[in-house]
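Trainee: Could you take one part of this and go through it up close with me? I'd also like to hear how it fits in with the rest.

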Amino acid sequence: MAENIIFYGSSIALAAIGLLIALTRRNLIKIIIGLDLMETGVNMFLISIGYRRGGTAPIFDIPLSKAVDPVPQALVLTAIVIGVAVTALALTFAVRIHEKYGTLDISKLREMKW
Amino acid sequence: MVSPILAIVIPLAIAFLMPFFSALSRKSVKWVFLAVIAFNFYAAIMTFLRVLSGPILVVTAGIKPPFAINLLIGPLGGLLFLLFEGVAFLYAIFLLKAEIKEPVHRFFMLFLLNVAGATGMILTGDLFNLFVFLEITGISAYGLVGFKRDKKGLEGGVKYLILGSVGSTLFLLGVALLYSQVGTLNMADIAGRIWMLKKPTLYAAFIMFLVGLGVEAELFPMNAWVPDAYEGAHDTVTAILSTVLSKAGLYALIRVVFTVLSPQKAFLDLLLWAGLITLLLAELSALRQKNVKRMIAYSSVGQMGLVVFAFGMGSLFALQAALFQAVNHVLSKGVLFLSLAIMGKKREGLELENLRGIGRELPVTGLLFSIGALSLLGLPFLSGFWSKISLLLSTADLKLWVPLGLVLLASIIEAFYYLRTIGVFYTGTDFRFRETAFIRLLPVLVLVFVILYLGFRPGVLAPYLKGAAKELVDRSGYIGWVIGGLKP
Amino acid sequence: MVILEFFLVLIGITALGLLYGGIARKWSARIQRRYGPPFYQNFLDVFKLLGKKNTKSHGVMFALGPVIAFTGIILSLFFLPLGNSRPLLSFEGDIFVLFYLLVIAPLGMALGAGEAANPNATIGIARGLTLMLGYELIFFLSAIAVMVKFNTASLWKIVEIQGTFPKWNLFPFFLSAFAGLIALQGMMGEKPFDLIVAPHEIASGPMVEYNGKYLGLLQLYHAIAIVVETGLFVNVFLGGGSILTFILKTFFVFMLAVTIDNIMPRFRIGQAVKFYWKYPLIISLLGILVVFIWR
Amino acid sequence: MTFWVIASYFLGGIVAYVLARPSRKIGAFVALLFSIYPLYALIPALDGGFYLRFTVIPYYLHLSFRLTLLGWFFALIAATLYSLSLFSAYSEKRDSFFLLSSMFSAGGLMGVFLAADYLTLFIFFEIMAFFSAFTFIREHRRSALKYIIYSLVGSYAFLAALLVINRSTGSLEITPLSGFGGSVPAVMSLFILAFWVKSAVMPFHPWAPSAYADSPHSYTPFFSGALSKSGVYGLVLAFFYIFAGFFKSHHAFGYIFAWIGALTALFAGIYALLQDDAKKLLAYSSISQLGYVAFGLGLGTSLSITGSLFVALGHAVFESLLFFVIAAVYIRTGTTMLTEMGGLIKKMPISFIALLFGIIAAAGIPPTVGFPGKWMLYEAVLEKGYPLLAGAIFAASITAFLYCYRLIYSIFLGPLKKEFRDVREAPFPALVPLLLLLIPLLFFGLFPGYVVDVTDSILREFGYLGVPHTPAKLLSGLGTFNGLAVGITMGAAFVIAFLVHAVFSRSRKVSELNNYTAGEVAEGVSMHYVADFYKFIERELHGFLKLRVEALFNWIAEGIGGLGEVLRRVYAGDIQAYLVYLILFLGFLFTLYRGVLRW
């Protein structure tokens, strides 16, 4: 497992960067990008869990010990699809918000508070 | 005999066929929608009845768990299943006459997705599957909140979306953490191998789950989206968010903490205090709130806090009380939001001053709203009283005197603002009687009937609550159902 | 026989009261270096008033007021032991009963006076009631010192226990007695506490509208009230004795009050109440303290 | 039977509600029928209490009822007053919802008196509080909310006590607590808070004046006369039954409570003087009377407890009589402000007579029902040798004379206002309670012994000795009081006085304005001395009057509201702020578990 630490670290870092973007940028599009990055980071993390040094693709005709863990890969495929859906919806929101508010500045969206 | 899996599959399938139905006949959409929800309700009833004799295991792809995704419906799942589908069915009836912004079929599509997702969340026995359903529920809910496409709706939707997706990402991270050590995603399987987990991983996973699911379960401080989204959303959407969605999130959290991760004292204490702080903060925020819908939204948050607090106590009795409180919350909040929706049609804006005298104008709706509110704040012989009293009894059993005092304080605050609202509803005399259509009142009437019925016979619920609470406490039993010899 | 005795007491005390009043008028006149009316003037006044043909009434309650006042004072009289020779009804009610019975008479007068729409009357009543907050409390506190010491609330027993001259309560309870005397001054409406009547300000207050036989009845009431009020003080502080000594003692207490009346100016109502809540209150509390130390 | 005593009100409430929608008369009549049944069932039930336990709720909780003598005593008072209040309500043309809520509150009250376990007590206490507030929440939201919040604070404190007791003893049945595990003073304080609030003993009284003033005029007699008795009931139960062991062994507690009661009686009396609203005046008077009750309970001798119960009964009779008169006057004049009335004696003589007897009783003058209780309290405090306490309650009773006179003078005496020239006597149904209440008012004053018979049996249940008495005469170690003797003598004296009055020449009746005011009364000049009646007292006491405990409670309430106002800024509306909370919470959790999370 220890050999994967670099993968773990980088994927978590990527997620953190994404979160940081979502926190600091005011533009809705950028926030969406940040969220995407975060998701990608977590997906990378999932992949790296299943990674084995020197492993090959998990196809049935090779011994199982040689293959990487197939489950995370399946999960990530699903997660990516979901991510796409979220991003698409978010972008729709962005478009609509731009129509209504004339801006994408998220700090302007404070009609409702307290 | 209906397989519970159909309650997920059919709404999902029909949801994507909605444009097709719409093209066929625009009017047919809402009837198709109603039919699907009615089917779900039917499935829920059948499942609930079957669960009485023993839990149901549904295996997909013909492979035995833990190697394939399975559904497992125990007493807890059966109870929530029935509750969700029942409430959704009532909402569907309510929606028959509601004004919905075009395109209507998309609204119903999202609604179906939402119901399917929430159903999936409570039925599934697989952690990643749970994530998928969480996302389905979430995405459809974001869409529903923003569906009005006015400023408030969009604002609420986008806030919900951003927090929600961060939350579910964190949840996924938690799932990944667990998987990295246990190598399985089946909840029962993980629960059986929880000893394999190193302590740091266990705690880290708990943190991720708490924060990730806390967004849906409306725990402070992840619940900030709630008032905004509730206020911005369509009335019925608010109702389903407050009743079904929040309970689904709560279910996920509780399931993960109690069954999957084993209820450590540290976790429970955290739940307890998080729930308590959520309760107090929400009630305090609601106190000076002028917008009634937002006020009820805060109250909803507070009630969720109360339920989480009760779960955090962790005793069998407390869990029963918590579940009972959750059931009552569903009933009351359904009544409140639906009757508020009816009132909203008669007046402009849901500010408190605008609703002056509405109870005289809509006497039945006003009465129903009042009963819902009174049940929530624990008037005896309404079901809310029994859940609150049993909750307090279990608090006292554990000698948690300080939390007990705080819960009572919160109850007083809650009583104040609800009674103020009711008082305003009945202020003034010169109002004409203009009651709304019966079909819109029917769902509220049914809910109030249940409240009253449970108020006089709370005992009918007791065995189910007990079974559900036992399911949560008895982890090995749950593992045994899935891994052991339970025949699918 | 008993009824006859009651009648005798009633008539006798009424006459006594009228006599006291007449003597007091004479006494006041002499202090003020006037000649003054004859000592039997009050009898003449009452007979003249009762016999008047042209009496005006303002309504039922106006007419009933003096009647109730007279009733009340007769009632109180019967519950007051006259020295330790005549218990009358004193065994049927103790000092607390008497305190409350004493209120009936002023209340009746106040009710009657209220029906006449004369603000002077009502102001007088308001003052009188306010003054009650002062003197009643003081008198009660000074009496309760005795009651606590003797462990009885029965006026008759108090009279009996203290016995005759040197064993008067006046000496051991001199603080309480002093406070009681100040209270008595207010109770009888003598200066400096004559705010209720205050002829120069509110035209004799509650009595302003009364005339003819009503005024006559009120005069009778006043006559008995003099004896009952002084008699209460005498019974509590000045020991027992025959009915004759009782009369003498009440006379001296009354003359003392009249003398003070003649040499005092009048308080404003606020001052009067405040006064009572200050020095007499402290004195009576000290009196109670003495009892507790003594025990 | 007990079940039906209670259920009759709830059933009747619903039936009356339904029937009153088409016809008010039928609704009120049906409500009356349903409210008379409990009376009918209760009166013969005097001999022998019983215990009834039936499980309405097939859950782990159940309701149980029993009829104790104490409960019977109060339940009878309450049932009577409620039936009477319906007459007045009928005249007032109250609507169906009023019937429903007032019936439910009466049922709740019955439940309180007949409950056999704490939970039942709590449940019915809540019902009573809520539904009594509902009778006026529509017209007077503020005071109703104030009332309900005070009640809830009390009843939740009671709930907490109930939970502690349940936790320690494992039973919810109302029994004396012996060998109790928890801290008795704390539990007892929590326990009595609800009843303290409900009986409006200071410092928990601020809800009462506004609630009494704003509740429907026909409901206030019941509200003040009977609902407040639930507080007295609870206090009696707490002091002499449940916590009797503690109470007997800790004299200081009783002494302090007696002082609280005495000061309540005094201060409330002073506040009552200064009110311009008749109902507020009576509200403070009611608080003052309950101060006497609390005082007697605090003293804790059999004489004082009897006195307290007697005052409670007396208060129920005369205070509700007074409120009924106000209701009757309000029906005709449309106001309860003292400054707006006057001279009504000529128009409403029956009401006047009722009010006259009412104030005589309220001032505690014998031979009315107001006196024997007070007399016993004086004797008791003297027996105990607490002269200062005696002085305090005596001062309180002087204030009673003051406000009583003001009440009757302002409404019925003085010049008649022009706008009331055509006022008639109140309608007959509104007079029914007045006339009926005069009977106990005089009867129990003349024959206090009949009440003491009952209180003696109650005291014996609690292990106290009775008070020696005959039907008319009460005896204490210190003195005697013979109600009948006072009554007969008074009658005789009245005959004498009246004869003196009657023998002499008849008087001529003139207008009340034809008086000694130096000539004509100018048009539009009021000769009614009503506003600032006791201005001098107000002037002398203004420093003291500024100290208001209500300000403290309001400050707390404002503080909680302000806290909410500040805290809800957390929901700032800014999504990035929300994200920051989430991150901070994550960070907090990681720091919380930093010890465990070391890889």
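**A strand pair between two chains**

Mentor: Sure, let's start with two short strands. Strand E1 of chain C, residues 56-57, runs parallel to E5(D), and the two pair over 2 bridges. Keep in mind that this is a predicted model. If you want one spot to look at, find Ser57(C): across from it, in E5(D), is Lys509(D).

Now zoom out a little to the contact around that pair. On the chain D side 62 residues take part, and on the chain C side 66 residues do. E5(D), at 508-509, is one of the elements that give two or more residues to chain D's side. The others are strand E4 (480-482) and the helices H15 (370-384), H16 (387-412), H19 (483-503) and H20 (535-545) of chain D. What sort of residues make up the side of chain D that touches chain C? Sorted by class, there are 40 nonpolar, 15 polar and 7 charged ones. Among the 4 pairs of chains that touch, chains C and D have the most contacts.

Chain C doesn't reach everyone, though. Chain C has no contact with chain A, and the closest C-alpha atoms of those two are 54 Å apart. Chains B and C don't touch either, with 40 Å between their closest C-alpha atoms.

Let's stay with chain D for a moment. Its domain assignment lists domain 1 (1-211), domain 2 (250-503) and domain 3 (548-592). From the C-alpha centre of domain 1 of chain D to that of domain 3 of chain D is 37 Å. Chain D also has a helix worth a look, H8, at residues 207-214: 7 of its 8 residues are buried, so the rest of the structure largely encloses it. Those buried residues are Trp207(D), Ala208(D), Pro209(D), Ala211(D), Tyr212(D), Ala213(D) and Asp214(D). Their cover includes three helices of chain D, namely H6 (141-169), H9 (220-242) and H12 (278-299).

For another contact, turn to chains A and B, where 28 residues come from chain B and 24 residues from chain A. On chain B's side, helices H5 (127-145), H6 (151-182) and H9 (225-232) each supply at least two residues. H6(B) gives the largest share, 17 residues. By class, that side of chain B has 13 nonpolar, 8 polar and 7 charged residues.

What does chain B look like as a whole? It has 20 helices and 2 strands, and its C-alpha trace spans about 70 × 60 × 40 Å along the principal axes. Its radius of gyration is 21 Å, which agrees with the value near 23 Å for a compact globule of 488 residues. Buried residues make up 69% of chain B.

Here's one residue to finish on: Ile5(B), in the segment before helix H1 (6-24) of chain B. Ile5(B) has 18 C-beta neighbours inside 10 Å, so it counts as partly exposed; being buried would take 20 or more. Beyond its neighbours within four places in sequence, Ile5(B) is in contact with Val58(B) and Leu71(B).

Terms used: Residues are numbered from 1 along each chain as its sequence is written. Chains are lettered from A and ligands numbered from 1 in the order in which they are written. This is a predicted model: local features need pLDDT of at least 70, side-chain atom pairs count only at pLDDT 80 or more; totals for chains, interfaces and linings use all residues. A residue is buried if 20 or more other C-beta atoms lie within 10 Å of its own, exposed if 12 or fewer, and partly exposed in between; C-beta atoms are placed from the backbone. Helices (H or I, at least four residues) and strands (E, at least two) are DSSP runs, numbered from the N terminus. Two residues are in contact if their C-beta atoms, placed from the backbone, lie within 7 Å. The radius of gyration is taken over C-alpha atoms; the globule rule is 2.2 Å times the number of residues to the power 0.38. Ala, Val, Leu, Ile, Met, Phe, Trp, Tyr, Cys and Pro count as nonpolar, Asp, Glu, Lys and Arg as charged, and the others, Gly among them, as polar. Two strands pair if DSSP finds at least two bridges between them. Domain bounds come from an automatic or database domain assignment.
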